[in-house]
Amino acid sequence: MHDDRSLVEARLKRVLDERVRPAVYPESVPLDVAVWHAPDEPVPVAEGLAADPEPIEVGARWGAPWGTSWFRVTGTVPEAWAGKTVEALLDLGFDENMPGFQCEGLVYRPDGTPVKGLNPRNQWVRVGAPVAGGEQVRLHIEAASNPVILDYHPFLPTRLGDKETAGSEPQYTLTRMDLAVFDETVWQLVLDLEVLGELMAELPVESARRWEILRAVERALDAIDLQDVGGTAARARQRLADVLAAPAVPSAHRISAVGHAHIDSAWLWPLRETVRKVARTTSNMTTLIEDEPDFVFAMSQAQQWAWVKEHRPEVWARVKKAVADGRFVPAGGMWVESDTNMPGSEAMARQFVHGKRFFLDEFGIENDEAWLPDTFGFAAGLPQIIKAAGSKWLLTQKISWSQTNRFPHHTFQWEGIDGTRILTHFPPVDTYNCSMKGSEIAHAARNFKDKGVARHSLAPTGWGDGGGGTTREMIAKAARLRDLEGSATVVWETPEAFFRKAEAEYPDPPVWVGELYLELHRATLTSQAGTKQGNRRSEHLLREAELWAATATVRTGFPYPYEELDRIWKTVLLHQFHDILPGSSIAWVHREARKTYERIAEELTGIIRAAQQALAGEGERLLTFNAAPHTRGGVPAGGARPAAPQGRTRVTPRPDGGHVLDNGLLRVEIDGRGLVVSVYDIEADRETIAPGSAANLLQLHSDFPNMWDAWDVDEFYRNTVTDLTDARKVDENGDGVRVVRAFGSSRVTQRLSLAPGDKRLLVDTVVDWHETEKFLKLAFPLDVHAERYASETQFGHFHRPTHTNTSWEAAKFEACNHRFVHLEEPGWGVAVVNDSTYGHDVTRTVRTDGDRGTTTTVRVSLLRAPRFPDPETDQGVHRFRHALVPGAGIGDAVREGWRINLPERRVTGGVDEVAPLVTVDQDAVVVTAVKLADDGSGDVVVRLHEAHGGRVRATLTPGFEVADVVATDLLERPLPETPEYDGRRVALRLRPFELVTLRLRRAS
């Protein structure tokens, strides 16, 4: 037989594009259209429905950036269409190649009942099936003219990312507003031909199955009368029936399809628009669930569910019914799909506390899975947090984006820093927006790395963000792929059903230990410094507010601010979403975030001040309150008393220019350039700074990544660097030295200080930043031989190598830490601690002088200046505080990291001291939270963990009468383990990095 394969395939494409697809709607009549443009922000639905619109024609331009337009469409179904299926086709000016990221609409009936969303691949609204003819049609569309930020030429700077700078030029052209006859037989033929054509293209040319499909398609095309597609579609479908009925082979890969719409809680749109995106999508999905009996849809992010409940009660009622029917599934058990690298220990825990509690309270549903398809890498402390929240599985997709190394598994056990293991799945379909294309299904089967021992994978199916979720076409394709020869099999299932199957078939999967590092988007650890600082500050203010309010409630009857703290926590957690905290959202998002953090700080400071004053009472005695988990200055952790007097720091001229700081513990030499050339540990008789090098060195790099500007820093940025060594001023300033530098259009003012009694050099840096596409680092070259270093992560720390022996290590040229990095030789180490930065790099250097040996350089990342999606990223004034801590063991790094983030507060009062609510007798055990139980019982909840990485015995002593002590999970529910409590103290035995939550019931 002659090879005419390409001829038939080309014929299939043209016939589908030019004849069959257009015949799905063989008849149409125009609708009458009128529009009212809301003057500013979106208005309530009732106001939009009641507005007086003006006529508008198809082809007219509409929609200023970020505007809302209310379209009213009216018409009459022709009498001649009686008995047919009729749909309204409502094209606002969509680009079908861009499902999401553009204009969107939500359709309402005149009574305000939402019908469904309008999206680029979902432009239809069912009018009747069948119609009687003569029906009057009246629909209202709340249309959002969200501008296209990520266009065909992506990453170009644009002012469209903020309503304040976007202008008023109309963005879209009204394209089609019709009533049309829907020919379901032709529509089904389209899906038959698409599924077979896409499958055929994935099969080997020498495969008999490919040729069987080819000949069946050819026969079907022969059966179509191109001038009467509707009249011949059934005949064409009949000729495809046999190849569509051929069952899959027993060894076929098995895909669990989960209806999905990954909706970023803010990204290229503001938070207020996400509220509407969620309403559109949930309207679509509840309608689809009513029409498709096998379909299952899963939605994560409790915050988004809460938005539907608050803002769209009519949609919420439909959602609740679908949940009760088991078809609309709450997934993930987190408040939002957060970043997991940067949130602190308690914040990461509270993501699960608030997320799981919402689903439990609203639906009685407990999530067993964490659902984070799009998060930019995963911290090594996360498995323990997932388990402590009562969950046991994790799904993510993003690691498939790594640039350098291919992750070796798709289903595996992920082991965290404390030894906790979580069954984890990376869908081999390599997208969280699967559309049931044959290429996607074939890729999942080919790509699956666990063949031979497992055969199940998951496919999140549906358009995300503004795409509206799963479509009826995807469901129709999945039905054909349920059991089809040559393809993986597809069935709609819940995430829980998939994980149970995966667990059962793969009882002993491989293990991956440590962080799941994404070899991409590394710059998200630095972009939008103001947002990151707001997050860090809010986390620590929340710790203080809970601690002092709980202490004041127990001691004085102070009214504990349950509702305020719950609301603030949810706001902070929302802003940890994986495009807000990472700094990859538009300018509008970060402008609002800065204002939100300011408001949070003011409110939390008020709670702290009121609680502390209640504890201090009236009087003139000066008390120092210490919210850190370690004693400092003679003030116990979680308590208050007058601070102990310290020694003094001498500031003297340096013979070669500059200054010397000496407090008896450290001697610091700062040269005439304002660089630190010596930090001498007097007790250890040890120099800290690498020979011939200088610390406090600001370094400026060019920073223009190949793509994803706010997200990425590419390794070649290191090829060019400017050391900022010129100083305009270096002068004595109290117990320190002030340094002023200028470069480009920017200015830096630093204060280097050595407080009495402190074994740390504090570096306080204020940058007035006005650079573009630059990367600013602060370098500390250290005379330490270290093959690895420790970075703080949630509830512990994680070690990374300093060498680049393999591509896996070389790829980690920018990494995340929380409050400290620490490196050491046996018996002596150095920590670099910070109050608000996350990105850093650590490198090793071999000395070429006679001494040889290696030194290690720690560089903290301060600021970037990408121009997309926010062209003014980080422009303005920023303040950073870092400290260099010589002679530090890991315990010193932990302590100093807390200290720089929780400065003491001084309050005048009438008491001699405020005793801590709880005390722990071992510094290795860090208390991360002291609060009252969320249920309002008045019980005191204490969360703690082992922080040094070793086994420890410790005693926790309550400072109040306790009836009993119960170990709980993160949601404060009892666990089977019984703490050792003798009526006065709790005996603790902790493994390395173990996390423990205790509930202390107060004696009546």
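Q: Two strands pair if DSSP finds at least two bridges between them. What makes S27 and strand S28 a pair?
A: This is a predicted model, and in it five bridges link S27 with strand S28 (residues 676–681). The cut-off is at least two bridges, so S27 and S28 count as a pair. They run antiparallel, and you can spot Arg667 standing opposite Tyr680 in S28.

Q: What sits between S27 and S28 in their hairpin?
A: Five residues do, and Gly674 in that turn has a positive phi of about 80°.

Q: How do you know that strand S26 and S27 pair as well?
A: Count the bridges again: strand S26 (residues 659–662) and S27 share four, in the antiparallel sense. At least two are needed, so this is a pair too. One partnership to look for is His659 with Ile670 in S27. The hairpin of S26 and S27 has three residues between the strands, and there Gly664 takes a positive phi near 85°.

Q: Which residues of strand S27 lie on the covered face, and which on the uncovered one?
A: In S27 (residues 666–670), Leu666, Val668 and Ile670 make up the covered face, while Arg667 and Glu669 make up the uncovered one. Every second residue swaps sides because side chains in a regular strand alternate between the two faces of the sheet.

Q: What makes S2 and strand S3 a pair?
A: They have two bridges, in the antiparallel sense. The rule asks for at least two, so two will do. Strand S3 covers residues 54–55, and its Glu54 is the bridge partner of Val35. Strand S2 (residues 32–37) also runs antiparallel to strand S5 (residues 67–76), with six bridges between them. There, Ala34 stands opposite Arg72 in S5.

Q: Why are S1 and S9 called edge strands?
A: Strand S1 (28–30) and strand S9 (124–128) each pair on one side only. They belong to an open sheet of four strands, in the order S1-S12-S6-S9 with antiparallel pairing. On average, neighbouring strands of this sheet are turned by 25° against each other, direction ignored. S1 pairs with strand S12 (residues 176–181) over three bridges, and Val29 has Leu179 as its bridge partner in S12.

Q: Why is H10 called roughly perpendicular to H16?
A: Helix H10 (residues 345–363) and helix H16 (residues 562–574) pack at an angle of about 105°, with their axes 10 Å apart. Roughly perpendicular covers 65 to 115 degrees, so about 105° gets that label.

Q: Which residues meet where H10 and H16 touch?
A: From H10 there are Glu346, Ala347, Arg350, Gln351 and His354; from H16 come Asp566, Trp569, Lys570 and Leu573. The mix is three nonpolar, two polar and four charged.

Q: What makes Arg350 and Glu346 a salt bridge?
A: Their N to O distance is 2.8 Å. A salt bridge needs such atoms within 4 Å, so the pair qualifies. Both sit in helix H10, four residues apart, which is about one turn of the helix. Both are buried, too.

Q: How do you know that Glu104 and Lys277 form a salt bridge?
A: Their closest N and O atoms are 2.4 Å apart. That is within 4 Å, so the pair passes the test. Along the chain they're 173 residues apart: Glu104 is in strand S7 (residues 104–108) and Lys277 in helix H7 (residues 271–291).

Q: Why is Glu104 called buried?
A: Its relative accessible area is 1%. Buried means under 20%, so Glu104 fits. Lys277 is buried as well, at 1% relative accessibility.

Q: Arg991 and Glu994 also meet in a salt bridge. Which label does Arg991 get: buried, partly exposed or exposed?
A: At a relative accessible area of 31%, Arg991 falls between the 20% and 50% cut-offs, so it's partly exposed. Glu994, at 16%, is under 20%, so it's buried. Their N to O distance is 3.4 Å.

Q: How many salt bridges does the structure hold?
A: The total is 86.

Q: Which residues of helix H1 are buried?
A: In H1 (residues 5–20), you'll find Val8, Leu12, Val15, Leu16 and Val20 buried. The buried residues of H1 pack against helix H3 (184–202), helix H4 (208–223) and helix H5 (229–238).

Key
Residues are numbered from 1 along each chain as its sequence is written. This is a predicted model: local features need pLDDT of at least 70, side-chain atom pairs count only at pLDDT 80 or more; totals for chains, interfaces and linings use all residues. Side-chain values use heavy atoms; hydrogens and water are left out. Axes are lines fitted to C-alpha atoms, for helices over the stretch in contact, and angles run from 0 to 180 degrees between N-to-C directions. Angles under 35 degrees count as roughly parallel, over 145 as roughly antiparallel, 65 to 115 as roughly perpendicular and the rest as oblique. Contact means heavy atoms within 4.5 Å. Ala, Val, Leu, Ile, Met, Phe, Trp, Tyr, Cys and Pro count as nonpolar, Asp, Glu, Lys and Arg as charged, and the others, Gly among them, as polar. A salt bridge is a side-chain nitrogen of Lys or Arg within 4 Å of a carboxyl oxygen of Asp or Glu. Buried means under 20% relative accessible area, exposed over 50%, partly exposed in between (1.4 Å probe, protein chains only).
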